[in-house]
Amino acid sequence: MAYRTVLIEENKMMMERLTSVVRNLAGFEVSARYATAGDALGQMQAFNPDLILVDVDNEHNALLIPDLKRNIPGAVIICLARRWDSEAQAKLLYMGAKGYMVKPFTGEELLETVKNVSRSSLSAYSKVISFFSPKGKSGKSTLIANLGTVLAAKTNEPVAVIDADTQFGDMTVFFNLTPQSTIVEAVRDISFLSPVTLRTYFTDTGRNLQVLCGTSKPDMAETITIEGFTSLVKMSRNLYKYILIDIPSGFSDISATACELSDKTIITTMVNGGYEVQHMKRALEIFKAWDHYQERLDLLFTRVNPFTEEQKNKLSEQMGYPVKYIIPNEYLLVSEAADNGRMAVTRDPDSQFSKAVENLADSIIAGE
Ligand SMILES: Nc1ncnc2c1ncn2[C@@H]1O[C@H](COP(=O)(O)OP(=O)(O)OP(=O)(O)O)[C@@H](O)[C@H]1O
Ligand SMILES: [Mg+2]
């Protein structure tokens with residue numbers, strides 16, 4: 001049986017365009033067409049539609065979404081707009097819509113959106129985690145690549161790594177990828193994209209783990225605007241359950257924005273001589289300006305030796321703040337694995353390093 005579709009669109013040219021896309025799509029039929037949601041109400045019941053595509057650039061239509069839903073409770077309502085707008089989308093989903101698309105769309109995009117309807121509230125559940133390090137060489141890229149791998153395997157949910165270490169990102173190396181596009185193009189094009197089209201900028205690494213690679217040329221980093229980066233992260237929430245962001249070390253516009261946008265920021269530092277506790281303390285003082293910082297900040301030390309609970313407690317004491325996670329010193333394993341594009345967690349799942357990453361993943365999954 002074909003998907004009975006109702007189109008609500010005032011602009012005649014756009015209506016013709018959308019009609020032909022839906023008609024040409026196998027499994028879909030256009031049952032009725034209306035200029036406004038007001039016209040559709042009271043008339044479309046006769047067609048018992050499965051799908052209602054409604055233009056929400058017309059504000060009046062947007063306000064009638066609860067009525068459309070009440071009229072045909074079984075139909076899926078997908079909103080259409082010329083531009084992606086995360087805030088508007090959140091409101092419309094709250095009002096009863098199941099999806100939001102940029103128009104005009106292709107048949108493929110419509111199919112993908114309908115398919116994702118059951119996950120359309122994903123953005124409300126998605127978890128964005130940034131890894132902040134006061135200084136470079138903290139082990140955070142190693143950790144992110146391995147954690148992404150574990151989260152994808154454990155949850156079966158869509159997981160993404162965004163390499164926003166804009167000048168010297170190295171996720172391409174970690175995952176041994178040859179990306180067709182990077183964060184630079186994604187941010188450049190973001191105002192024309194919707195989640196469905198944004199997905200194509202990510203590179204597959206396996207079934208449910210994708211990477212938005214960093215730029216290969218450091219000078220391209222300047223083209224990444226804060227506004228574009230913000231839209232990118234917000235839109236990605238519609239695609240992935242877990243999003244791990246690698247950011248440049250230290251405080252910068254990009255790193256501060258990523259942390260602001262994140263549900264959690266994990267401050268990551270490598271134990272290496274002793275000064276790192278001071279760096280971590282100074283960074284922590286700055287983050288303490290956040291409201292409810294305790295809920296949004298976790299501390300993590302890498303290369304901890306001896307890798308014991310006592311050592312973790314000692315670090316917490318020195319910090320005057322609980323250290324939530326520690327990662328052991330396993331240079332040989334992590335560096336050999338990174339060199340050939342294989343993750344330490346897959347190469348040696350029983351190692352202390354892998355177990356520590358697994359603990360971190362479990363705690364993220366549990367929402368701790
Ligand atoms: N748990 C660990 N034990 C020992 N060595 C590690 C560990 N994690 C990472 N390393 C090593 O430390 C170095 C830095 O790691 P990585 O590139 O992950 O850090 P980073 O914070 O992303 O650095 P950058 O500032 O260059 O982005 C690498 O040589 C890596 O192999
Ligand atoms: Mg790095």
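Is the crossing of helix 8 and helix 19 left-handed or right-handed? In this predicted model, the crossing of these two helices is right-handed. Two packed helices are described by the angle between their axes and the distance between the axes. For helix 8, which covers residues 140-155, and helix 19, which covers residues 352-365, the axes cross at roughly 60° and come within 9 Å, and that angle makes helix 8 oblique to helix 19.

The contact itself can be followed residue by residue. From helix 8, Thr142, Leu143, Asn146, Leu147, Val150, Leu151, Lys154 and Thr155 take part, and they meet Phe353, Val357, Glu358, Leu360, Ala361, Asp362, Ile364 and Ile365 of helix 19. Sorted by character, the residues of this contact comprise ten nonpolar, three polar and three charged.

Both helices also touch a sheet, to which the description now turns. Eight strands make up this open sheet, in the order 8-9-7-10-6-11-12-13, and their pairing is mixed. Strand 8 (203-204) and strand 13 (323-328) stand at the edges with a single partner strand each, so one side of each has no neighbour in the sheet. Within the sheet, strand 7 (residues 159-163) pairs with strand 9 (residues 209-212) in the parallel sense over four bridges, and Ala160 has Gln210 in strand 9 as its bridge partner.

Helix 8 lies across strand 6, strand 7, strand 9, strand 10, strand 11, strand 12 and strand 13, and runs at about 170° to strand 10 (242-246). Helix 19 likewise packs on the sheet, where it touches strand 6, strand 10, strand 11, strand 12 and strand 13, and its direction makes about 150° with that of strand 13.

Terms used
Residues numbered from 1 in each chain as written. Chains lettered and ligands numbered in written order. Predicted model: local features only at pLDDT ≥ 70, side-chain atom pairs only at ≥ 80, totals over all residues. Heavy atoms only, no water. Axes fitted to C-alpha atoms, helices over the stretch in contact; angles between N-to-C directions. Parallel < 35°, antiparallel > 145°, perpendicular 65-115°, else oblique. Left-handed = near helix turned anticlockwise from the far one by under 90°. Contact = heavy atoms within 4.5 Å. Nonpolar A, V, L, I, M, F, W, Y, C, P; charged D, E, K, R; others polar. Pairing = 2+ DSSP bridges.
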